[in-house]
Amino acid sequence: IDSVQNGMTSTQTNLDQVIATAIATAKEEEIARNKYNLQKLSNEYEFLLNKKSKKLGDLRVALRSANAKKRRVERYAEREKSRALKELRSKMTCEIDGLKVKLKEREEEIGRME
């Protein structure tokens, strides 16, 4: 009976060891899966972050380019405005000078009539 009982105890011990080994192996496999999944998520996040960073960089470049173009257009518009004002002043000065000459002539005519 003792030998049967020792055999059963030995079998139970072996069974306990197999179960403990299976549990340890399952835990290790789950830890490995979790590490793999975490690394996979980390890689996906990094990829998306890089994609967003590139898009942000492209938008910054486009904004700088648009601002530079806007400044060029504003400078050109200011030069054109200044040129147009000079031209208008010149025409106005010519017209005023012409009117002054005509006025002086009329005044001389009136002075001769008296």
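In which helix is the place of Ile96? Select that residue and follow the backbone either way: Ile96 sits in helix H1, which runs over residues 2–113. Bear in mind throughout the tour that the model is predicted.

**The whole chain**

Before going to single side chains, display the backbone alone. The protein contains one helix and zero strands, and its C-alpha trace spans about 165 × 15 × 5 Å along the principal axes. The radius of gyration is 48 Å, whereas a compact globule of 114 residues would have one near 13 Å. If you now colour by accessibility, note that buried residues account for 0% of the 114 residues. The protein exposes about 11,000 Å², and carbon and sulfur atoms supply 59% of that area.

Next, colour by charge. There are 26 positive and 19 negative side chains in the protein, and the centres of these two sets lie 4 Å apart.

**First stop: Lys70 and Glu74**

A search of the whole structure finds five salt bridges, and the tour visits some of them in the order of the numbering. Select Lys70 together with Glu74, which form a salt bridge in which the closest N and O atoms are 4.0 Å apart. Both residues belong to helix H1, where they are four residues apart, about one turn of the helix. Glu74 counts as partly exposed because its relative accessible area is 43%, and partly exposed covers the range between the 20% limit for buried and the 50% limit for exposed.

**Second stop: the network from Glu80 to Lys91**

Select Glu80, Arg83, Glu87 and Lys91 together, since these four residues are linked in a network of salt bridges. Take the pair of Glu80 and Arg83 to begin with: their side chains meet in a salt bridge of 3.0 Å, N to O. Both lie in helix H1, three residues apart, which is again about one turn of the helix. Arg83 is partly exposed at 44% relative accessibility, and Glu80 is likewise partly exposed, at 28%.

Then move to Glu87 and Lys91, whose side chains meet in a salt bridge of 3.7 Å, N to O. Why are Lys91 and Glu87 separated by about one helical turn? The reason is that they are four residues apart in helix H1. Lys91 is partly exposed, with a relative accessible area of 48%, and Glu87 is partly exposed as well, with 40%.

**Third stop: a nonpolar patch**

Return to Ile96 and add Leu85, Leu88 and Met92 to the selection. With Ile96, these residues form a nonpolar patch on the surface, and together the four have about 350 Å² of accessible area. Ile96 itself is partly exposed, with a relative accessible area of 42%, so it passes the requirement of over 30% relative accessible area that applies to residues of a patch.

**Last stop: a patch of negative charge**

Finally, select Glu105, Glu107, Glu108 and Glu109, which gather in a patch of negative charge on the surface. Glu107, one of these residues, is found in helix H1, the helix of residues 2–113 that also holds Ile96, where the tour began.

Notes. Residues are numbered from 1 along each chain as its sequence is written. This is a predicted model: local features need pLDDT of at least 70, side-chain atom pairs count only at pLDDT 80 or more; totals for chains, interfaces and linings use all residues. Side-chain values use heavy atoms; hydrogens and water are left out. Patches are made of residues with over 30% relative accessible area and no salt bridge: like charges are joined within 9 Å, nonpolar side chains (Val, Leu, Ile, Met, Phe, Trp, Tyr) within 5 Å. Accessible areas come from the Shrake-Rupley method with a 1.4 Å probe; for residues, only the protein chains shown count as cover. Helices (H or I, at least four residues) and strands (E, at least two) are DSSP runs, numbered from the N terminus. Buried means under 20% relative accessible area, exposed over 50%, partly exposed in between (1.4 Å probe, protein chains only). The radius of gyration is taken over C-alpha atoms; the globule rule is 2.2 Å times the number of residues to the power 0.38. Lys and Arg count as positive and Asp and Glu as negative; His and the chain ends are not counted. The place of a charge is taken as NZ of Lys, CZ of Arg, CG of Asp or CD of Glu.
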